[in-house]
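Trainee: Could you take me closely through a single strand of this model, and then follow its surroundings outward in one connected account?

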Amino acid sequence: MSELHTPQRPLILGSTSRYRRELVERLHTPFTCVAPDVDEAPMPGEAPGALALRLALAKAHAVAALHPEAIVIGSDQVSDLNGQPMGKPGTHERAVEMLRAMRGQTVMFHTAVAVVCQATGFAQSDVAVIRTVFRSDLSDDAIERYLRAEQPYDCAGSAKSEGLGISLLDAIHSDDPTALIGLPMIRTCRMVRAAGIQLP
């Protein structure tokens, strides 16, 4: 008599980010993407890490409310220069300003992940902190050449570390290597397994 297996719950990534989608694809587990309807404006005086965690949870819960039987991953990333949150630049001009400000500086990236299943009451969250050191010899010309080549206007901090943006840095310090790309996969795998998804 064959052993009966309970089917896995659907897995949903509560994000439209192509970077996060590509990271979750590494798990070789079927999933869908659903855009969360969440106001991402920071609260007055809200610390960057607290903002990232609040938004990750809000995104996961917003999607879980629409898909209560699913296991939902929510995430958010906030870059932090001297305690001030820095979002996605959106424009070339803003990206230039950001990279000039970060030249020779240590910039913290707070990448939060939350995993929620409304049907089971499961909810876990955590924040990975990444310390990046930007080159002090980063010239205005190098900044322009980088931005024209990669156009990272949808990235927090205006640089893609998984691409040419790595050339802007002197060092990266993190205990979860993919966190700088947008989703801390070590933490995500741990939470997804705890929620009931089978991974290797």
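**Strand β5 and its surroundings**

Mentor: Strand β5 pairs with β6 in the antiparallel sense, and 12 bridges run between the two. Please keep in mind throughout that the model is a predicted one. Within this pairing, valine 116 has alanine 123 of β6 standing opposite. The two strands make a hairpin in which 4 residues lie between them, and glycine 121, in the turn, has a positive phi of about 80°.

β5 also pairs with a further strand, β3, which spans residues 71-81; β3 and β5 run antiparallel and are joined by 9 bridges. As one example of a bridge here, isoleucine 73 has valine 115 of β5 as its partner. As for burial, 10 of the 12 residues of β5 are buried, so the strand is largely enclosed by the rest of the structure.

One residue of this region deserves a closer look, namely valine 107. Leaving aside residues up to four places away in sequence, valine 107 touches Ser79, Asp80 and Leu81, together with Met102, and also Ile130, Arg131, Thr132 and Phe134. Val107 also takes part in the largest nonpolar core, which has 23 residues; the members that touch the most others are Val107 itself, Leu99, Met102, Phe134, Tyr146, Leu147 and Leu168. Two or more residues of this core come from each of α3 (92-102), β5 (106-117), β6 (122-134) and α4 (140-150). The element that gives the most is α3, with 5 residues. Apart from this core there is another, of 22 residues, with Leu23, Val24, Cys155 and Ile197 among them. As general background, nonpolar side chains in soluble globular proteins tend to be buried together.

From the nonpolar contacts we can turn to the charged pairs, of which the count comes to 15 salt bridges. In general, side chains of opposite charge can pair when their charged atoms come close.

Helix α4, which gives residues to the core that β5 shares, also holds one of these pairs: the side chains of arginine 145 and aspartate 141 form a salt bridge at 2.9 Å, N to O. Both residues lie in α4, 4 residues apart, which is about one turn of the helix. Arginine 145 has a relative accessible area of 52% and is therefore exposed, whereas aspartate 141, at 47%, counts as partly exposed.

A second pair is arginine 187 with aspartate 176, whose side chains meet in a salt bridge at 3.1 Å, N to O. This pair links distant parts of the chain, since arginine 187 sits in helix α5 (residues 185-195) and aspartate 176 in the loop between β7 (169-173) and α5, 11 residues apart. Arginine 187 is buried, with a relative accessible area of 11%, and aspartate 176 is buried with a value of 0%. Through shared partners, salt bridges join Asp126, Asp175, Asp176 and Arg187 into one network.

A third pair is glutamate 40 with lysine 59, joined by a salt bridge at 3.6 Å, N to O. Here too distant parts of the chain are linked: glutamate 40 belongs to the loop between β2 (32-33) and α2 (48-66), lysine 59 belongs to helix α2, and they are 19 residues apart. Glutamate 40 is partly exposed, with a relative accessible area of 43%, while lysine 59, at 7%, is buried.

Notes: Residues numbered from 1 in each chain as written. Predicted model: local features only at pLDDT ≥ 70, side-chain atom pairs only at ≥ 80, totals over all residues. Heavy atoms only, no water. Core = buried A, V, L, I, M, F, W, Y, C linked by side-chain atoms within 4.5 Å. Buried < 20%, exposed > 50% of the residue type's maximum accessible area, 1.4 Å probe, protein only. Contact = heavy atoms within 4.5 Å. Pairing = 2+ DSSP bridges. Salt bridge = Lys/Arg side-chain N within 4 Å of Asp/Glu carboxyl O.
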